[in-house]
Amino acid sequence: MTTLAVRYKAARTLDTAPVEASSPGPGEVELAPAYVGICGTDLHIFHGDMDARVAAPAVLGHEMSGRVVRVGPGVAGWQPGDAVTVMPLRWDGTCPACTSGHRHVCQNLDFIGIDSPGAMQQRWTVPASTLVRLPKSVSLDRAALVEPTAVAVHDVGRARVREGERVVVVGGGPVGVLIALVARAAGAEVRLVELSTHRRLRAEESGLTAWDPAAEDVPELVRRWTGGAGADVAFEVSGAAGGVDTAVEVLGVRGRLCLVAIHPRPREVNLHRFFWRELTLVGARLYDRSDFEKAVTLVADGTIPAERLISKVVPLTEAPAAFEALEAGGDVMKILVDCGNDTTGA
């Protein structure tokens with residue numbers, strides 16, 4: 001059996017072509033993806049930045065929602081028609097990270113959709129252990145934002161955000177906005193820093209306060225906002241050198257900087273600031289199952305207004321053009337690829 005898939009061929013080269021679909025083996029489940037989000041990591045692949053890791057031709061996509069089609073031998077608890085998303089991690093269980101309880105950062109991790117075939121296809125076979133159940137109350141298009149929401153849940157947890165704290169999120173793309181929303185749900189006061197007018201407007205539509213760093217002195221705004229104390233937590237989500245500087249500068253004494261963005265090259269960091277204010281830097285990568293389950297709840301109950309973050313939905317055959325649209329920036333937040341398998345009418 002063949003299925004239509006979006007494949008990475010080489011730097012800046014994608015196609016939509018038939019690929020062989022594998023039947024579910026023991027412990028596996030065949031899915032019909034409904035919607036797949038295009039994320040920043042997918043764009044890194046598209047640019048050719050991950051060629052050392054991604055074996056072309058590679059089927060992309062890991063932010064997804066869909067339904068079970070078939071279950072393989074030995075799979076219990078799932079049946080055709082079940083609405084699901086996928087936590088796209090496959091770990092070896094034996095490396096030092098796994099044996100110390102940190103399987104999500106396994107030293108031999110298979111990130112499905114990067115290291116192995118992803119969801120941007122009409123049929124997709126994955127381990128049943130990766131499935132996360134979706135409630136009937138959430139539409140499949142909104143459920144495609146569960147995976148990036150799980151990233152935000154993990155990030156906020158790593159930064160130990162507490163009720164009443166003041167939080168600055170530097171970078172207002174989809175993940176930055178999601179972090180701001182999750183931090184707000186945890187009881188924090190939040191300010192978002194973003195250059196793009198369109199993204200600031202989308203954030204403000206979700207009830208967030210957004211600042212333009214090109215027009216305003218962000219550290220000065222933070223000083224006024226906090227009465228000179230500085231922020232308790234800053235998230236660096238921009239991936240830019242200037243974003244790092246801002247995130248460090250806004251922190252108060254014993255503030256925590258959570259690094260979320262992937263920086264392709266080393267950055268200069270004001271280490272004197274870390275010394276002088278006893279700052280803490282934490283990295284945040286991926287998520288675990290509890291993060292995913294909380295993300296499902298946040299999307300389902302409307303805490304995450306997923307519909308406001310979805311800029312457009314394109315058919316599978318138009319996915320290559322959608323990558324180019326995201327790369328160009330402009331009035332785009334999150335683009336979903338419709339794999340043609342949403343039968344809910346939502």
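A salt bridge is a side-chain nitrogen of Lys or Arg within 4 Å of a carboxyl oxygen of Asp or Glu. Keep that in mind, as Arg273 and Glu249 make one here, with N and O 3.9 Å apart. What you're looking at is a predicted model. A search of the whole structure turns up 19 salt bridges and 4 aromatic pairs. Here's a quick tour, topic by topic.

**Salt bridges**

- Let's stay with Arg273 and Glu249 for a moment: Arg273 sits in helix 9 (residues 271–277) and Glu249 in helix 8 (residues 241–249), so this pair ties together parts that are 24 residues apart in sequence.
- Arg273 is buried, at 16% relative accessible area, while Glu249 is partly exposed at 30%.
- Elsewhere, Arg7, Lys9 and Asp15 are joined into one network by salt bridges that share partners.
- Within helix 7 (residues 218–226), Arg223 and Glu220 lie 3 residues apart, about one turn of the helix, and their side chains meet in a salt bridge of 3.1 Å, N to O.
- Both ends of that helix 7 bridge are partly exposed: Arg223 has a relative accessible area of 36%, and Glu220 comes in at 26%.

**Helix 6 up close**

- Helix 6 covers residues 197–205, and its buried residues are His198, Arg200, Arg202 and Ala203.
- What covers those buried residues? The cover includes helix 5 (174–185), strand 12 (189–193), strand 13 (209–211) and helix 11 (306–309).
- At the start of helix 6, Ser196 reaches out with a side-chain oxygen to within 3.3 Å of the backbone nitrogen of His198.
- After the helix comes Gly207, which has a positive phi, near 90°.
- Helix 6 has a salt bridge of its own, between Glu205 and Arg202, where the closest N and O atoms are 2.5 Å apart.
- Why are these two about one helical turn apart? Because Glu205 and Arg202 are 3 residues apart in helix 6.
- In general, an α-helix has 3.6 residues a turn, so residues three or four places apart point the same way.
- Glu205 is partly exposed at 39% relative accessibility, whereas Arg202 is buried at 17%.

**The nonpolar cores**

- The largest nonpolar core has 99 residues, and the members that touch the most others are Leu31, Met120, Leu131, Val161, Val169, Phe235 and Tyr287.
- Helix 5 supplies the largest share of this core, with 7 residues.
- There's also a second, separate core of 18 residues, including Trp211, Leu221, Val244 and Leu257.
- Which residues does Leu31 touch? Leaving out residues up to four places away in sequence, its contacts include Met64, Val84, Val86, Trp124, Val126 and Leu131.
- The Leu31 list isn't limited to those names: Arg67, Gln122 and Arg123 are among them too.

**Aromatic pairs**

- One pair is Phe46 with Phe323: the ring centres are 5.6 Å apart and the planes are at 50°, so the pair is tilted.
- Phe46 belongs to helix 1 (residues 40–46) and Phe323 to helix 12 (residues 319–328), so this pair ties together parts that are 277 residues apart in sequence.
- Phe46 is buried at 1% relative accessibility, and Phe323 is buried at 0%.
- Another pair is Tyr287 with Phe292: their centres are 5.0 Å apart and their planes at 85°, so this one is edge-to-face.
- Tyr287 is buried, with 0% relative accessibility, and Phe292 is buried with a relative accessible area of 0%.

**His104 in its loop**

- You'll find His104 in the loop between helix 2 (96–99) and strand 8 (110–111).
- Is His104 buried or exposed? At 15% relative accessibility, His104 counts as buried.
- Setting aside neighbours within four places in sequence, His104 is in contact with Leu89, Trp91, Leu109, His154, Arg285, Leu286 and Tyr287.

**A three-strand sheet**

- An open sheet is built from 3 strands in the order 2-1-4, with antiparallel pairing.
- Strand 2 (13–20) and strand 4 (58–59) are the edge strands, each pairing on one side only.
- Strand 1 (residues 2–10) pairs with strand 4 in the antiparallel sense over 2 bridges.
- Arg7 has Val59 as its bridge partner in strand 4.

Conventions: Residues numbered from 1 in each chain as written. Predicted model: local features only at pLDDT ≥ 70, side-chain atom pairs only at ≥ 80, totals over all residues. Heavy atoms only, no water. Buried < 20%, exposed > 50% of the residue type's maximum accessible area, 1.4 Å probe, protein only. Helix = DSSP H or I, 4+ residues; strand = E, 2+ residues; numbered from the N terminus. Contact = heavy atoms within 4.5 Å. Polar contact = N/O pair within 3.5 Å; in protein donor to acceptor, adjacent residues only side chain to side chain. Core = buried A, V, L, I, M, F, W, Y, C linked by side-chain atoms within 4.5 Å. Pairing = 2+ DSSP bridges. Phe/Tyr/Trp six-rings, centres within 6.5 Å; stacked < 30°, edge-to-face > 60°.
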